[in-house]
Amino acid sequence: MGVCLNMQNGVPGGKWGFGNLIRRKQVDSVHPRREDHQLAKTLSVLDLIAIGVGSTIGAGVYILIGTVAREHTGPALTIAFLIAGIAASLSAFCYAELACRCPSAGSAYHYSYICVGEGVAWLIGWALILEYTIGGSAVARGISPNLALFFGGEDKLPAFLARHTISGLGIVVDPCAALLVFIVTGLLCIGIKESSVAQTIVTTVNVCAMIFIIIAGGYIGFKNGWAGYELRNGYFPYGINGVFAGSATVFFSYIGFDSVTSTAEEVKNPQRDLPLGIGIALSICCILYMLVSIVIVGLVPYYALDPDTPISSAFASYGFEWAVYIITGGAVTALCATLMGSILPQPRILMAMARDGLLPSFFSDINKHTQVPVKSTIVTGTFAAALAFLMDVSQLSGMVSVGTLLAFTIVAVSILVLRYVPPDKVPVSPSLQGSVGSVSLQFHTDIQEIEANCQSLLGNRNICGHPLIDKEITHDEKKRRKIAAWNITLLCIGNIILASAASANELLSFLRITLCCLGAILLLCGLIVLACINQDNARHTFGHTGVSFIKVLESQTSFASFHGGFLCPFVPFLPVACILINTYLLINLGTGTWIRVSIWLVIGVLVYIFYGRSHSSLRGAVYVSTAHTDEICGNSSDHLA
């Protein structure tokens, strides 16, 4: 027996091999950072709720209600919002557990780097950069038309805010959009607490506008009757299929809660506050969406709703024209809150990627006074402002969804990896090879003493199965991990086949049904096997949760007092359902969207090949068993890679 050691860039495959793509890093939050590399821990659960609600509830709900009700759901729009909310909550559960275990900046990029590998993590981070840049620019371009309503039309806006067309080029510039992006960027540079206070104020105004719609609309409905529900064709004019089609459309109204996890490193108590912030924010959004939809489709028959201004026109039909100012104010504040939510996460993702060496160190610099990544924020804001000023990015809005859905999918996969095959080796600096050898020699003489000490801490409990005590993985455990890994791969392949075949309407019926059956069989086989085998015991000590577990051992307190943070329920069923839903939505985004996204991803692959791969902090790292990491590092003054 001895310490497991893996050289050659950390994993098999060599310098140019496939191993570079699957090398995994350690959880950053387990080890303290230098003070000048640490973000300010100032956010509370209320701040997280404001960020989550503000990032999620955009102006889309003020328009989406009319379109979806007219084309898909009819009066059953509320049920569509409920189904979409439940589907979004599947991803929220997965995010909540990973945010507790890995409370560092980077969100899905960080989680996938730890659980899946460097190659997938790079693509997720690269896709999220695109999402937040285009998303912020699109939101900024949408503010000026709404703002113009307060001035009596776009032609009444002040000249320095009004849109202008550059003759000869046909480019419509939007100074108002660029100005708003720069204002938000400056606010984010001041500090995370200050920007979260501003986010709270703007979000509160938006929520108050929605509450006005619910209360005033309810009053009108009870006074004049609910004309929208008194229809001959019933509550489901388009059938159940229409409700599900509407759910797929309104699902994108819930995108944004994942912005909360990008601030994980700045939360005072991440294990408690992150799950609460994610859960409460998503619940508030779902409740508001459902109540607003109940009122609006009840006031006016669904076929009579204005597809562009459904809420304003519904109130105007009852003589409440003045309500348009409150509704427009709500739309403007919703857009401002969403703009802040779009720009906030990107500098932290750039910072996380730069910390790992995949991007230049310029992006990882943290300002000593404000304790935020000011340089990354300025670069992000400048690019977003330039796009908002020069381009109409509405045609690229579909690309925003790709990054989010890819992130949702890989986060669910990461939960399966964490529960069944968590990383059993961690990277250490090549300079620690001498320590690796000394620990290997010392291992035989120390193991009896370690087991005796742990036995005294745990009493008569069975100590087998705890990674802190078991220094070698048994043959049966290796077999279980191999089976689990293959079945996770199997169900992911089945998911892709099933979702692709279900979406391919142009295929022959026989071929489509055959592929659907094949995908379903692979999916179910993988799911059944995972449900029957045991989860890995190392999940108890993984990441930030593991630190708490170790403290329980050291303090000799009862295991009943151990609280390792939020755990995703119903594993493996919930993550698999999450993967299937998000894969289906990804495939149905359209060919044009995927062509544009593919160009961006190809650029990302080239950047990784020519820079990220060779500058990665894991380049040349030595991988050792997690059970021996502390002993190895204890024999050296070097830090983990």
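Which side chain meets Asp174 in a salt bridge? Keep that in mind as you open the viewer, and remember that this is a predicted model.

**Stop one: Asp174 and its partner**

Select Asp174 and Arg163 together. Their side chains form a salt bridge, with 2.9 Å from N to O. Now colour the neighbouring elements: Asp174 sits in the loop between β3 (171–173) and α8 (175–190), while Arg163 belongs to the loop between α7 (143–148) and β2 (164–166), so the contact ties together parts that are 11 residues apart in sequence. Switch on a surface and compare the two ends. Asp174 is buried, at a relative accessible area of 0%, whereas Arg163 is partly exposed, at 30%. This pair belongs to a total of 15 salt bridges.

**Stop two: Arg481 and its two aspartates**

Next, select Arg481, Asp424 and Asp536. Begin with the bridge between Arg481 and Asp424, which spans 3.7 Å from N to O. Here helix α18 (residues 475–503) supplies Arg481 and the loop between α16 (397–420) and β4 (425–428) supplies Asp424, so this bridge joins parts 57 residues apart in sequence. Arg481 and Asp424 are both buried.

Then turn to the other aspartate. Arg481 also forms a salt bridge with Asp536, at 2.9 Å from N to O. Asp536 is found in the loop between α19 (509–532) and α20 (543–555) and Arg481 in helix α18, so the parts linked this time are 55 residues apart in sequence. Like Arg481, Asp536 is buried. To see the wider setting, add Lys425, Glu477 and Arg480 to your selection: together with Asp424, Arg481 and Asp536, they make one network of salt bridges that share partners.

**Stop three: aromatic rings**

Hide the charged residues and show the rings instead. Across the whole structure there are 24 aromatic pairs. Select Phe251 and Phe252: the ring centres are 6.0 Å apart and the planes meet at 80 degrees, so this pair counts as edge-to-face. What is the burial state of Phe251? Phe251 is buried, with 3% relative accessible area, while its partner Phe252 is partly exposed, at 27%.

For another geometry, go to Phe320 and Trp322. This pair is tilted, with 5.7 Å from centre to centre and 50 degrees between the planes. Phe320 is partly exposed at 24% relative accessible area, and Trp322 is partly exposed too, at 46%.

Before moving on, return to Phe251 and Phe252 and add Tyr95, Tyr111, Phe257 and Phe408. Ring pairs link these six into a cluster.

**Stop four: a nonpolar patch on the surface**

For the last stop, bring back the surface and select Tyr229, Tyr235, Phe236, Ile240, Phe244, Ile287, Leu291 and Ile294. Together they form a nonpolar patch with about 710 Å² of accessible area. Which elements give two or more residues to the patch? They are α10 (239–250) and α11 (270–299). Colour α11 separately and you will see the largest share of the patch, 3 residues. Ile287 makes a handy residue to centre on, as its place is in helix α11.

Note on methods. Residues are numbered from 1 along each chain as its sequence is written. This is a predicted model: local features need pLDDT of at least 70, side-chain atom pairs count only at pLDDT 80 or more; totals for chains, interfaces and linings use all residues. Side-chain values use heavy atoms; hydrogens and water are left out. Patches are made of residues with over 30% relative accessible area and no salt bridge: like charges are joined within 9 Å, nonpolar side chains (Val, Leu, Ile, Met, Phe, Trp, Tyr) within 5 Å. Accessible areas come from the Shrake-Rupley method with a 1.4 Å probe; for residues, only the protein chains shown count as cover. A salt bridge is a side-chain nitrogen of Lys or Arg within 4 Å of a carboxyl oxygen of Asp or Glu. Helices (H or I, at least four residues) and strands (E, at least two) are DSSP runs, numbered from the N terminus. Rings of Phe, Tyr and Trp (its six-membered ring) pair if their centres lie within 6.5 Å; planes under 30 degrees apart count as stacked, over 60 as edge-to-face and the rest as tilted. Buried means under 20% relative accessible area, exposed over 50%, partly exposed in between (1.4 Å probe, protein chains only).
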